[in-house]
Amino acid sequence: MRVDLITKEYPPFIYGGAGVHVAELVRVLRKHIDVKVLAFGEDRNEIDTKAYRHSSDFDGVNAAVQTMATDLAMVSDVAGADLVHSHTWYANFAGQVAGSLHGIPHLITAHSLEPLRPWKEEQLGGGYRLSSWIERTAYEGATGIIAVSAGMRADILRAYPQLDPAKVSVVHNGIDLEAFQAANNPDLVRANGVNPDQRSVVFVGRITQQKGLPYLLKAARELPSDVQLVLCAGAPDTPEILQTVTDLVNELRKVRDNVIWVEKHLSRSELIAMLSAATVFACPSIYEPLGIVNLEAMACSTPVVATATGGIPEVVMHGETGLLVPIEQVQDGSGKPLDEAKFVGDLAAALNQALEHSDLAAFGAAGRKRVENHFSWDSIAQTTLDVYRNAIASF
């Protein structure tokens with residue numbers, strides 16, 4: 001079986017959970033089948049991997065149009081594949097055109113949904129309308145869709161009610177259990193401005209509305225004075241949200257002298273060191289199809305406090321591996337809390353409850369055990385292969 005996998009992100013150019021997913025999935029699938037990777041951007045020095053860029057004719061045009069041009073450059077090279085598998089809207093157009101042209105199944109893994117990120121219209125304007133059209137058209141025409149959580153599956157069927165539910169299956173994201181495990185590296189933690197001997201609440205994520213960082217910054221006013229707030233946060237979506245976060249950090253620093261903002265992209269060893277040193281990991285997201293970063297924290301035996309939204313409750317077990325924060329959300333696609341003050345207060349209370357828990361180590365140990373039992377990439381690869389075989393057999 002030959003599967004051509006199309007993706008915007010691929011090592012060494014990864015900036016989000018979709019890229020992590022693709023990299024790990026390819027690694028394990030190649031133990032079993034022939035996988036060719038078609039990726040955006042710079043050339044990679046990896047066998048069966050090819051990079052694509054839009055031609056200079058599209059320089060200066062809308063970024064969504066550049067994406068479509070890059071996608072079309074890939075289509076001919078899919079000839080000979082048994083199945084094409086695309087990840088995110090950036091790659092969906094290439095997958096759908098290639099599947100139609102070559103007469104093969106097209107599978108999509110859904111990592112996010114454009115209708116549930118309406119703030120992108122402020123950022124991208126007509127580009128968002130194009131990305132939404134690409135995603136909807138691809139989902140309607142795809143042979144099958146893989147959701148990374150049951151929560152994500154429900155979101156897909158709610159966003160696109162015309163889809164046949166039978167063609168949407170669930171295959172969770174996974175975690176590299178050998179790479180991600182608790183590691184005591186105090187020097188690396190100190191090098192990033194954090195005191196490993198003091199308690200800390202750590203956030204890791206991009207500065208985007210869906211990650212909910214402003215809510216955490218507001219909740220942090222209620223944390224004990226000795227607890228460091230560590231923000232491993234960069235790659236802002238817009239200047240406006242960066243300014244919002246900057247203003248909130250500056251306000252918080254007026255009443256706390258232990259707010260550490262690490263804006264650079266952390267290497268894997270730095271990330272593991274920071275997660276391992278954390279007393280509690282905070283995930284205040286208002287939209288999260290699964291949340292790989294929660295898996296990474298749990299794999300490092302760190303308790304997690306996270307919003308009970310999307311696929312997060314399928315990862316974090318309330319009262320066992322950490323605490324879930326309830327949220328009632330606006331049903332306009334934005335995911336914003338109906339009552340922001342209540343959500344911020346509940347988040348602060350959960351963080352304080354976790355920090356004062358009598359046996360935090362038990363939370364951490366249970367988290368590690370959960371990822372070992374349910375989220376190994378080897379088992380996820382086998383489930384993905386079953387989806388491939390079923391798609392080919394029924395096409």
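**Note on Thr 7 and the salt bridges**

1. Leaving aside residues up to four places away in sequence, Thr 7 touches Val 22, Val 37, Leu 38, Ala 39, Phe 40, His 87 and Ala 91. Please keep in mind while reading that this is a predicted model.

2. Where does Thr 7 sit along the chain? Its place is in strand E1, which covers residues 2-7. The side chain of Thr 7 also reaches the backbone oxygen of Glu 9, at 2.7 Å.

3. Is Thr 7 buried or exposed? Its relative accessible area is 2%, and because a residue counts as buried when that value is under 20%, Thr 7 is described as buried.

4. How many salt bridges does the structure hold? There are 24 of them, and the points that follow look at some of these pairs, together with one network.

5. One of the salt bridges joins the side chains of Lys 36 and Asp 48, with a distance of 3.0 Å from N to O. Lys 36 lies in strand E2 (residues 34-40), whereas Asp 48 lies in the loop between E2 and strand E3 (49-52), so the pair ties together parts that are 12 residues apart in sequence. Lys 36 counts as partly exposed at 25% relative accessibility, and Asp 48 likewise counts as partly exposed, at 33%.

6. A salt bridge is also formed between Arg 190 and Asp 197, whose closest N and O atoms are 3.3 Å apart. Here Arg 190 is partly exposed, with a relative accessible area of 42%, while Asp 197 is exposed, with a value of 64%; the label for Asp 197 follows because exposed means over 50% relative accessible area.

7. The side chains of Lys 218 and Glu 340 meet in a salt bridge as well, at 2.5 Å from N to O. Which parts of the chain does this pair tie together? Lys 218 belongs to helix H8 (residues 213-219) and Glu 340 to helix H12 (residues 340-355), so the parts that are joined are 122 residues apart in sequence. Lys 218 counts as partly exposed at 33% relative accessibility, and Glu 340 is partly exposed with a relative accessible area of 33%.

8. Finally, a student following the charged side chains should look beyond single pairs, to the network of salt bridges that links Glu 24, Arg 27, Asp 176 and Arg 268.

Notes. Residues numbered from 1 in each chain as written. Predicted model: local features only at pLDDT ≥ 70, side-chain atom pairs only at ≥ 80, totals over all residues. Heavy atoms only, no water. Helix = DSSP H or I, 4+ residues; strand = E, 2+ residues; numbered from the N terminus. Buried < 20%, exposed > 50% of the residue type's maximum accessible area, 1.4 Å probe, protein only. Polar contact = N/O pair within 3.5 Å; in protein donor to acceptor, adjacent residues only side chain to side chain. Contact = heavy atoms within 4.5 Å. Salt bridge = Lys/Arg side-chain N within 4 Å of Asp/Glu carboxyl O.
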